[in-house]
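Q: Please examine one part of this structure closely and then place that part within the whole.

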Amino acid sequence: MGLPSRAVVGCAAALAGSLAIPAPAAAAGYTTLLVMPSFFTAHNNNGSQIRAYELPLTLTYHAKNWRVSISAPLLAVTGPGVLSAGAIYAIPKAYGTRVGVGDIWLEGSVSLDRPARLRPEMSPYVLIKLPTDARSRGLGTGTTDYEAGTSLLWHWQHFYPIARAGYRVVHSSHGYRWRDTFLVSAGFSYSFGRVGFVTLEFERRGTGHHHQPPTETMFLAYTRPVNQRWSILAFGLHGFTFSSTDYGAGIGAAVRF
């Protein structure tokens, strides 16, 4: 499972990148650990409600021009379906409350240049989802999926416009034919200096499977540095189509060491 938090993969692919973008530049060669307890709710096309509680741990190594991370969530899901990267996947036989470790996400990205005036920083990235939980339990889609794309970041004083485009390969599992999807997102971050920064981002993903519209989600996040090692993070999200996550929220902390 990969819910919509990508500091994503920090928790899920879109928000996590947003959480880290405008932080002050730090020395190369350090590691961060992010813990982000989160809650998500959605309704499938039959009107049944799906609720998910997620406790993800994301370990990220930051080098000068590249970054790699691994994210593993502990999940509790109720309802006939699973939420994966903001989209609803119906799992009719998954009833009651299921608890366990969800899918593990691996992410790598490279920064090709630093932003300057109208020139953005370009950061190609790759995501790999490892199906560490069975689809039959409703904690994941049961397949190894891939995503590749590029993030763009501009820097205009305290204002950081951001954009992202990517393509996800979603393998089909027994009885279910998922679809590969394109995704695009756009937004901005604003830095308040020592007080922290806020990020607003809109993401649109193509149809995940037959007879469903694209997912459209708005993210709002706030990051507050406590000191040179600790930061507090919070986010909220809202989906605009019936194949999207209805609402989500989370609050957590990141430590650098």
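Which residues does V126 touch, not counting residues up to four places away in sequence?

A: V126 touches L106, E107, G108, E147 and A148 once residues up to four places away in sequence are left out, a contact being heavy atoms within 4.5 Å. The model is predicted, so local features need pLDDT of at least 70 and side-chain atom pairs count only at pLDDT 80 or more, while totals for chains, interfaces and linings use all residues. Residues are numbered from 1 along each chain as its sequence is written, and side-chain values use heavy atoms, with hydrogens and water left out.

V126 lies in strand 9 (residues 121–130); strands (E, at least two residues) and helices (H or I, at least four) are DSSP runs numbered from the N terminus. V126 counts as partly exposed because its relative accessibility is 43%, where buried means under 20% relative accessible area, exposed over 50%, and partly exposed in between (1.4 Å probe, protein chains only).

V110 belongs to strand 8 (residues 104–110). Its C-alpha is 9.4 Å from that of V126, and the two are 16 residues apart in sequence. V110 is likewise partly exposed, because its relative accessibility is 38%. Together with Y61, W66, V68, L112 and M122, V110 makes a nonpolar surface patch of about 530 Å². Such a patch joins nonpolar side chains (Val, Leu, Ile, Met, Phe, Trp, Tyr) within 5 Å, from residues with over 30% relative accessible area and no salt bridge, that is, no side-chain nitrogen of Lys or Arg within 4 Å of a carboxyl oxygen of Asp or Glu.

Turning to the interior, the largest nonpolar core has nine residues: L34, M36, F40, F219, A221, L233, F235, L237 and A254. A core is a set of buried Ala, Val, Leu, Ile, Met, Phe, Trp, Tyr and Cys residues joined through side-chain atoms within 4.5 Å. Strand 14 (215–225) and strand 15 (230–239) are the elements that give two or more residues to this core, and strand 15 gives the most, with three. A second, separate core of five residues includes I50, L75, V77 and L139.

Overall, the protein has one helix and 16 strands, and buried residues make up 50% of its 257 residues.

The average pLDDT, the predictor's confidence in each residue from 0 to 100, is 80, and 77% of the residues score at least 70. Over residues 1–25 pLDDT stays under 50, although the model has 112 contacts beyond four places in sequence for them. Where pLDDT is low, the predicted coordinates should not be read in detail.

Methods:
Patch = residues over 30% accessible without salt bridge, like charges linked within 9 Å, V, L, I, M, F, W, Y side chains within 5 Å. Areas by Shrake-Rupley, 256 points an atom, 1.4 Å probe, with all protein chains shown as cover.
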